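Hi everyone, thanks for making room for me today. Have a look at the model on the screen, and then I'll walk you through it.

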Amino acid sequence: VNPTQSNPLLIKDSVEFVTDENIKNVKLVAIGQDVYLHKPNLPSTGVPFYSIMGREGTDTILPNDKPHLFFGYTVIDSLCKLTIKGGTRLYFHNNAVLWVYSGGSLNVSGSYKNEVTFQGDRLEPYYKDIPGQWGKIWFANGSRNNRIDWAIIKNGTIGVQVDTVHTPIAPTVQITNTIIRNMSDMAILGQGSRIWASNCVFANCGRFVAALAIGGSYKFEHCTFANYWSGTTARTTPLLLLNNYYFSVGNQYVIRNLDSAYFGNCILTGDIEEEIGMDSSVFGGKFSYKFENCITKTARSVSNTAHYKNVYNNAGPDFKSTYDNDYHLNASSPAINKGYINSLNKDLENKDRPNPAGTLPDLGAYEYYP
């Protein structure tokens, strides 16, 4: 591979076999490109070999002139901030994980049409939409000031896993203008964490699209949650799970308050009958949630105004094409002009919201434009 070639290129060769005066020619074709290679070189107990990206007390900026290829666990160390600029491509080998350690910070800073891409390292067309090719982005207990803006995270096992909160006020991670899709397990796993997200699409996962478990605090505005999973095994779980307890290592029942789970101007829908799972502790504990100006799909009643306000239940959102992961709205969508006015005046394609001016915004991440 030419090390000055940053884009993928086709490499061709051949092997000629001569056997008993018969000549056979086998064609060899491969896709290759030069990359920054991140390979594990440190042993640890309980996790695979790992490498450290940035040392304690330092700020690191990934160069974006060529892709980055990750094997094993790559750790953003304590008191280290890693910044990933727009246009950076990150390829992960099977089961590879980007782990933001306690005290560490990740800042993904893309822009419209210059997103940061996280995906597997198989670049052949066959793997374009195959889930489960790599591990996850993991924000450990105690990581802080994490931000993901304008990113595409696809084809892994878990898109983003966020563990217990660092502070009771600031979010563990803010996710904006981002698409997380085609995960073999789930797009978002929150475990007693604090997540704020807006202008995002979370879609097409083998189990949950979002599992907000073991309590915590969550806020989603203008997000599209959609699950039309077409994997080899049928999906049996709802796209959204809310939970406020867990069983400890000693099998003790532990309640963890769900302080807040707010969904505003969102779409939550999929292809099974029940897409919202409520798993509240039978022994009490706070279990606070609210859907406001949302399309939902659930068999339970949405008449309780403390939890459901201006909710359009079982109203098909009329997406462009769920088969192609295209969650733009068609002209007949009931999501059009059903939102409330807020500060999110640009949609996931950086178009003005609402459209036309003076109307109400549409639900979900995309504003309808003819």
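I'll start with the whole chain, then go to the pockets, and finish with a few single residues.

A word on ground rules. This is a predicted model, where local features need pLDDT of at least 70 and side-chain atom pairs count only at pLDDT 80 or more, while totals for chains, interfaces and linings use all residues. Residues are numbered from 1 along each chain as its sequence is written, and side-chain values use heavy atoms, with hydrogens and water left out.

So, the overall picture. The chain has 0 helices and 30 strands; helices here are DSSP runs of H or I with at least four residues, strands are runs of E with at least two, and both are numbered from the N terminus. Along the principal axes, the C-alpha atoms fill a box of roughly 80 × 50 × 40 Å. The radius of gyration is 22 Å, which agrees with the value near 21 Å for a compact globule of 370 residues. For that comparison, the radius is taken over C-alpha atoms, and the globule rule is 2.2 Å times the number of residues to the power 0.38.

What about burial? Of the 370 residues, 50% count as buried. Buried means under 20% relative accessible area, exposed means over 50%, and partly exposed is in between, with a 1.4 Å probe and protein chains only. The accessible surface comes to about 16900 Å², and 50% of that belongs to carbon and sulfur atoms; the areas come from the Shrake-Rupley method with a 1.4 Å probe, and for residues only the protein chains shown count as cover. Among contacts between residues at least 6 apart in sequence, 60% join residues at least 24 apart, where contact means heavy atoms within 4.5 Å.

Now the pockets. Rolling a probe the size of a water molecule over the atoms shows where empty space is left. In our case, on a 1 Å grid over the protein atoms alone, a pocket is an open set of points where a 1.4 Å probe fits, with protein on both sides within 12 Å along at least five of seven lines, and lining residues have an atom within 4 Å of a point. Grid points are joined across faces, edges and corners, and a volume is the space filled by probe spheres set on the points.

How much space lies in the largest pocket? About 710 Å³. It is lined by 31 residues, and the closest to its centre are D129, R181, N182, D324 and N325. Strand 15 (151–154), strand 18 (179–183), strand 19 (186–205) and strand 30 (326–329) each supply at least two lining residues. By type, the lining of the largest pocket divides into 14 nonpolar, 10 polar and 7 charged residues. In that scheme, Ala, Val, Leu, Ile, Met, Phe, Trp, Tyr, Cys and Pro are nonpolar, Asp, Glu, Lys and Arg are charged, and the others, Gly among them, are polar.

The second largest pocket has a volume of about 170 Å³. Its lining includes Q174, T176, W196, K219 and E221. Strand 19 gives the largest share of this lining, with 3 residues. The split for the second largest pocket is 3 nonpolar, 5 polar and 2 charged.

On to single residues. F118 sits in strand 12, residues 116–120. Is F118 buried or exposed? F118 is buried, because its relative accessible area is 1%. Leaving out residues up to four places away in sequence, F118 touches several residues, including I84, F92, W134, I137 and I153. T19, in strand 1 (residues 9–19), is partly exposed, with a relative accessible area of 40%. T19 and I272 are 253 residues apart along the chain, and their C-alpha atoms are separated by 59 Å.

Last, some backbone geometry for the torsion fans. Most residues other than glycine have a negative phi, and most peptide bonds are trans. N155 has a positive phi, near 65 degrees; N155 is in the loop between strand 15 and strand 16 (158–162) and is buried at 2%. N310 also has a positive phi, of about 55 degrees, but N310 lies in strand 28, residues 308–313, and is partly exposed at 42%. The peptide bond from R353 to P354 is cis, with omega near 0 degrees, and the bond from N355 to P356 is cis too, with omega near -5 degrees. P354 is found in the segment after strand 30, and P356 is found there as well.

That's my tour, so over to you!
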